[in-house]
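Trainee: I have a model open and would like to go through it step by step. Where should we begin?

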Amino acid sequence: MNKDKMEGKMKDVAGRVQRQAGEWTGDTEQQLKGTGKEVEGKLQEGMGKLEDAGKKAVEDIKDRARQMEDKKQDKKQQPKTEDEQDMEKEGAA
């Protein structure tokens, strides 16, 4: 879990507590502040999730590129078929 996700979750929970306390005491200002803190926390947590998803996507792309490069290297190292050898001879003639 990255920093933004963790801090966002903490703000969300703190905001819920503040909002609920405001509801119990009838303090509209605390309810609004708590709701604002909840929203801020959810946004920050969402940014953390987005950042994680972006990092995962980059790693997936890098892995796929490595796999493709490995396949290309493997193909170069494979012995040529008789047809490929015949085609090379015809091209050289």
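Mentor: Begin with Gly26, which sits in the loop between H1 and H2. Helices here are DSSP runs of H or I with at least four residues, strands are runs of E with at least two, and both are numbered from the N terminus. This is a predicted model, in which local features need pLDDT of at least 70 and side-chain atom pairs count only at pLDDT 80 or more, while totals for chains, interfaces and linings use all residues. Residues are numbered from 1 along each chain as its sequence is written, and side-chain values use heavy atoms, with hydrogens and water left out.

Trainee: Is Gly26 buried or exposed?

Mentor: Buried means under 20% relative accessible area, exposed means over 50%, and partly exposed lies in between, using a 1.4 Å probe and protein chains only. Gly26 has a relative accessible area of 53%, so Gly26 is exposed.

Trainee: How do H1 and H2 run relative to each other, roughly parallel or roughly antiparallel?

Mentor: Two packed helices are described by the angle between their axes and the distance between the axes. The axes are lines fitted to C-alpha atoms over the stretch in contact, and angles run from 0 to 180 degrees between N-to-C directions. Helix H1 (residues 3-25) and helix H2 (residues 28-77) pack at about 165°, with axes 7 Å apart. Angles under 35 degrees count as roughly parallel, over 145 as roughly antiparallel, 65 to 115 as roughly perpendicular and the rest as oblique, so H1 and H2 are roughly antiparallel.

Trainee: Which residue class has 18 members in the contact of H1 with H2?

Mentor: Ala, Val, Leu, Ile, Met, Phe, Trp, Tyr, Cys and Pro count as nonpolar, Asp, Glu, Lys and Arg as charged, and the others, Gly among them, as polar. The contact of H1 with H2 has one nonpolar and 11 polar residues, and the 18 are charged.

Trainee: What distance separates the end C-alpha atoms of H2?

Mentor: The expected span of a helix is 1.5 Å times one less than its number of residues. For the 50 residues of H2 that gives 74 Å, which agrees with the end C-alpha distance of 73 Å.

Trainee: And what is the end C-alpha distance of H1?

Mentor: H1 has 23 residues, and at 1.5 Å a residue H1 should span 33 Å. The model agrees, since the end C-alpha atoms of H1 are 33 Å apart.

Trainee: Which helix do the buried residues of H2 pack against?

Mentor: The buried residues of H2 are Gly34, Glu38, Gly41, Gln44, Glu45 and Gly48. Contact means heavy atoms within 4.5 Å. These buried residues pack against H1.

Trainee: Lys5 is in helix H1; which residues does Lys5 touch?

Mentor: Lys5 has a relative accessible area of 17%, so Lys5 is buried. Leaving out residues up to four places away in sequence, Lys5 touches Gln44, Glu45, Gly48, Lys49 and Asp52.

Trainee: Lys9 also lies in helix H1; which residues is Lys9 in contact with?

Mentor: Lys9 is partly exposed, with a relative accessible area of 38%. Apart from neighbours within four places in sequence, its contacts are Arg16, Gly41 and Glu45.
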